[in-house]
Amino acid sequence: MNEITRIDRRSFLVSAAAVGGGLAVGFDFPAGGRGAVRANASTPELNAWVVIKPDDTVVIRMVRSEMGQGTITGLAQLVVEELECDWSKVKTEYPTPGQSLARKRVWGDFSTGGSRGIRMSHEYVRKGGAAARMMLVQAAANQWNVPVGECTVAKGVITHGASKRTLRYGEVAEAAGKLEPPKDVTLKDPKDWKVIGQPMKRLDTLEKVTGAQIYGTDLKLPGMLNAAIRECPVFGGKVTSFDAAKVSGMKGVRKVVQVGDSAVAVVADTWWQAKSALDALPIVFDEGENKKVTSATIDKMLEEGLSAEQAFVGNDNGDAKAALASAVKKVEAVYSYPFQNHAPMEPMNATALYTADKCEVWVPTQDGEASLAAVISSSGLPAEKCDVHKLNLGGGFGRRGAFQDYVVQAVRIAKEMPGTPIKLIWSREEDMRQGRFHPIMQAKLVGGFDAQNNLTSLHIRLSGQSILAAVRPAILQQNKGMDPLVFQGLAKGGEHGFGYSIPNLLIDHAMRNTHVPPGFWRGVNINQNCVFMECFMDELAQAAGQDELEFRRKLLGKHPKNLAVLNAVAEKIGWGKPPPAGRFYGLAHMKAFAAYVAAAAEISVSADGKKVKVHRIIAATDPIHAVNPAQIDRQVAGSFVYGLSALFNQSCTVKDGCIAEENFDTYDSMRIAQMPKVESIIMPSGGSDPWGGVGEPTICVAAPAVLNAYFKATGKRIRSVPLKDHQIAMV
Amino acid sequence: MAKLTINGKSYDLDVDPQTPLLWAIREQAGLTGTKYGCGIAQCGACTVHMDGEAMRSCSMVVADAEGKQITTIEGLAQGGVLTKVQQAWVDHDVPQCGYCQAGMIMAVSALLKAKPKPTDSDIDDAITNICRCGTFQQVREAIHAAAKA
């Protein structure tokens, strides 16, 4: 038995699939670091990250998943910076998680979530590039029989200065691959970066504009059949019976199978045949007690939590309760945030091929190792007989990382038909019903002022769903029952540290979990926390009769980076000067995923308050280091589309235990006509602070900035999302 | 059985004529550039051209497409040369995940045929595709660039 099969599966699952909680595992570095295993001799690689072919093509291997956020381009820039190769010769590829396991996880963590793709791997991928460069230059020096110090390298060409001889990387790659990897690797000083920090074009655009890119739903394998599935729409329910005979004669239908205890799938020649038969298939579910749950019963449970005795304290200083009791003036408000579905454009899918000797899955996944763990557990085969082939994602947003339910389903169906590849695609309706939803949360906020109108106390009581209670209960055990992730953006320091200094502070959480499964949704808990905090900051400032920016500035004195992004957006929008006629401004800021972000929104509102036009949003982000400003700019604008769609239009409501919204007609998403002009200010402060994320942080500031501007326009404070519930539409 | 003309090529397909055109294109003709997103003509990921007009192929059946000239994303570039819309998409680095972009490009190509110099308001009216990554800012830039090209 080798190393792999002795991995404790429970710890593997926890470490491999950790998403969103800042749980990056500190793996050692490539190029022969501790635990790393070099490839066998037939693989023409310099190290795990870099393969150079005789024609100078540089293949950069990476394990973070591309889902639109541009991570493979950014990671390639990091490698190329140190490798000193020609950018135009770069290609990328995904190693499989099975290959990584066989090499003692040489590529480290596959998880692509928590805005960690670049910030948690920049050091080891740069070292991979640097080590490869050193080996290539050494190989050239050996060939010339000159000291390596006399050689220089640029764009993949090594030059011996004295003799003016040159060699291309492709000419020395084979010899370099036989050298021992260097023991010590020194990385460039950021001031010498030439590729990092540049707005390089994405490496994967051409195939996306010609229809050539193969997504999971597009996969074709020889002899493949297609499956459609329906799981009990009430979470926790089970299949009682189904009448396969009713559909088994329909054209193309090959098999009707129960999948686990809660789902039924139809396998057919084509997916449309499978879906049509599934729609016609009588299925009886035992929906259980959860059938009685509705949005109203959930809301009531959360409301009770707002004043409950027991709560987990996530951040405190001073004595907030005593200070509030003696405050000269108090301001109080209750906010709420709904369940929301990720709704990536590509519905969940996976293709599985099972035989008694092997199980392979092709899947768009944010975490190849989590997918592999799902294949191992659902196939019953040992790890070395399982593998996962990652496909680029048609959107992820957190749905395709920690949760591999569709992989488990595909494998279970494939086990019923050994030797036949089965492509399982969820309908949009299935995708909407079976989400892993943005957690539902309410908050009661109470602020207290002294006689001089200084904010001296603040209590934020959160009441609602914990993601980690459902997904990573072990983390709760380590924290005496508390979910630390609930306090993102409000935490006591760290990558989600609270920026305001308030003498008496208490932020606590009454955990109220529902039967609706929660998940990591782009931004995770910063979405609701930023609405709660930043709208309430405006409420406090207004109660004190102070300017909303000045009020914040006074409380941010100890956090200059928070202050800097807030000042940047305020200055650019012209805060303090009168807006153009009919226009109104709103501000918000937060520290999230180690980045500092702020937004200033400019809106107009119809006379009846029912139509909102968001004209522009100024967004500032300080991710400490900015690898590709063009892609960061796109992530900022894209995050606002996701965040504003959520603010205006999106809630998943619960009726008879199931999610009522089943498609984009009732769960609308922004269109181009509604798109504000987004002006991003990318202001990396540099230095040695941990790098900040990009994909998620800015999402949280759009909604409160717009809500604060809406108050300025109308005098009406909206405290619950989405705005469609207030009959307010985005135009 | 159905006879469809897709990208100038004739296909005899073994398909129920009541099958949505989208699925016949993807599963019988094997052209997977056209995407399934919602199945109810909301998102536009399935947009193709029928006799030059942008249509949501998920919500029309094969029988209604017979005798029509259907163009999919695979039929735009000729001989490896991108159309000016596709080229603008490359130049402006538009796609993020890319899943909706085939439908977006088909919708934009039809718009530019009808209105070679569209205003922002024309774009707002004609382009109603959903993009969950949120590429709209680049989409608008690229449409104007393609109109100038």
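Student: How many salt bridges are counted between chain B and chain A, and what makes the pair B:D14 and A:K251 one of this kind?

Tutor: The count between the two chains is three salt bridges. A salt bridge requires a side-chain nitrogen of Lys or Arg within 4 Å of a carboxyl oxygen of Asp or Glu, and the closest N and O atoms of B:D14 and A:K251 are 2.9 Å apart, so this Asp and Lys pair meets the rule. This is a predicted model, in which local features need pLDDT of at least 70 and side-chain atom pairs count only at pLDDT 80 or more, whereas totals for chains, interfaces and linings use all residues. Residues are numbered from 1 along each chain as its sequence is written, chains are lettered from A and ligands numbered from 1 in the order in which they are written, and side-chain values use heavy atoms, with hydrogens and water left out.

Student: How do you know which residues of chain B are in contact with chain A, and how many are there?

Tutor: Contact means heavy atoms within 4.5 Å, and by that rule 50 residues of chain B meet 59 residues of chain A. The area buried between these chains, that is, the accessible area (1.4 Å probe) lost by the two parts on being put together and summed over both, is about 4500 Å², with carbon and sulfur atoms giving 56%.

Student: How many residue pairs are in polar contact across the interface of chain B and chain A, and which helix of chain B gives the largest share of its side?

Tutor: There are 30 such pairs, both residues being at pLDDT 80 or more; a polar contact is a pair of N or O atoms within 3.5 Å, where within protein one must be able to donate a hydrogen and the other to accept it, and residues adjacent in sequence count only if both atoms are side-chain atoms. Helices are DSSP runs (H or I, at least four residues), and α6(B) supplies the largest share of the side of chain B that touches chain A, five residues.

Student: Why are 2-75 and 84-148 of chain B called domains, and how many salt bridges does the rule find across their interface?

Tutor: They are called domains because the bounds come from an automatic or database domain assignment, which gives domain 1 (2-75) and domain 2 (84-148). Their C-alpha centres lie 21 Å apart, and the contact takes 16 residues from domain 1 and 13 residues from domain 2 of chain B. Across this interface the rule finds zero salt bridges, while five residue pairs are in polar contact, both at pLDDT 80 or more.

Key:
Helices (H or I, at least four residues) and strands (E, at least two) are DSSP runs, numbered from the N terminus.
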